[in-house]
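Work through the exercises below with the sequence and the coordinates at hand. Each task is followed by a solution in steps.

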Amino acid sequence: MTYRFWCGECGFKTPWGTESEAERGHTDHYATRHPGLRLGGQVETAAKAPAGEGTSCAGCATVAVLGLLFLIIVSACGR
């Protein structure tokens, strides 16, 4: 299970993480951005971090493009 806390005062959201990591980020945010205010907002939970959050598809795309370029170069040199 992953957690993300939303600030009750502004649009801040913690990154997806364990409950304690997300809670710590929420507490740190309030301490620096909203000192003196009680913690507010909401908690969002998910079975795991949604696609595109906490993981990167850009890395997969880069590997795919480099693999394709490698195949093109190998086939061009083999002729």
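**Exercise 1.** Does T2 count as buried or exposed, and at what relative accessibility?

Solution. The model is a predicted one. Step one is to place the residue: T2 belongs to strand β1, which covers residues 2–6. Step two is to apply the cut-off, under which a residue is buried at under 20% relative accessible area. T2 has 15% relative accessibility and therefore counts as buried. Step three looks across the chain: the C-alpha atoms of T2 and K48 are separated by 5.3 Å, although these positions lie 46 residues apart in the count along the chain.

**Exercise 2.** State how many helices and strands the chain has, and give their order.

Solution. The count is 2 helices and 2 strands. Read from the N terminus, the order is β-α-β-α. The elements include strand β1 at residues 2–6, helix α1 at residues 19–33, strand β2 at residues 42–46 and helix α2 at residues 57–77.

**Exercise 3.** Describe how β1 pairs with β2, and determine how enclosed β1 is.

Solution. First the pairing: β1 and β2 run antiparallel to each other and share 5 bridges. Within this pairing, R4 is opposite E44 of β2. Then the enclosure: 4 of the 5 residues of β1 are buried, so the strand is largely enclosed by the rest of the structure.

**Exercise 4.** Find the salt bridge of the structure and explain which parts it ties together.

Solution. Step one is the search, which finds 1 salt bridge in the whole structure. Step two names the partners: R4 and E44, whose closest N and O atoms are 2.9 Å apart. Since R4 lies in strand β1 and E44 in strand β2, the pair ties together parts that are 40 residues apart in sequence. Step three compares each partner with the cut-offs. R4 is buried, because its relative accessibility is 7%. E44 has 28% relative accessibility and so counts as partly exposed. As background, side chains of opposite charge can pair when their charged atoms come close.

**Exercise 5.** Trace the surroundings of F5 and of the residues in helix α1 that touch it.

Solution. F5 is part of strand β1 and is buried, because its relative accessibility is 10%. Beyond four places in sequence, F5 touches F12, K13, T14, E19, A22, E23, H26, Q42 and V43. The C-alpha atoms of F5 and W16, 11 residues apart along the chain, have a separation of 8.4 Å.

Take E19 next. This residue sits in helix α1 and is partly exposed, because its relative accessibility is 43%. Outside its sequence neighbours up to four places away, E19 touches Y3 and F5. The C-alpha atoms of E19 and M1 are 8.3 Å apart, with a sequence separation of 18 residues.

Take H26 last. H26 also lies in helix α1, and its relative accessible area of 5% is the reason why it is buried. Its contacts, apart from neighbours within four places in sequence, are F5, W6, C7, T14, L39 and G40.

**Exercise 6.** How many disulfides does the structure have, and what is the state of C7?

Solution. The search of the whole structure gives 0 disulfides. C7 is in none; its nearest cysteine sulfur belongs to C10 and is 3.7 Å away. A disulfide requires cysteine sulfur atoms within 2.5 Å. For burial, C7 has a relative accessible area of 9% and is therefore buried. C77, in contrast, counts as exposed, because its relative accessibility is 64%.

**Exercise 7.** Which residues form the nonpolar surface patch, and where does L69 belong?

Solution. The patch is made of V65, L66, L68, L69 and I72, with about 490 Å² of accessible area together. L69 is placed in helix α2. With a relative accessible area of 45%, L69 is partly exposed, because that value lies between the cut-offs of 20% and 50%.

**Exercise 8.** Give the totals for the chain: burial, exposed area and long-range contacts.

Solution. The chain has 79 residues, of which 18% count as buried. About 5900 Å² is exposed, and carbon and sulfur atoms supply 62% of that area. Among contacts with a separation of 6 or more, 45% involve residues 24 or more positions apart.

Methods:
Residues numbered from 1 in each chain as written. Predicted model: local features only at pLDDT ≥ 70, side-chain atom pairs only at ≥ 80, totals over all residues. Heavy atoms only, no water. Patch = residues over 30% accessible without salt bridge, like charges linked within 9 Å, V, L, I, M, F, W, Y side chains within 5 Å. Areas by Shrake-Rupley, 256 points an atom, 1.4 Å probe, with all protein chains shown as cover. Salt bridge = Lys/Arg side-chain N within 4 Å of Asp/Glu carboxyl O. Buried < 20%, exposed > 50% of the residue type's maximum accessible area, 1.4 Å probe, protein only. Contact = heavy atoms within 4.5 Å. Pairing = 2+ DSSP bridges.
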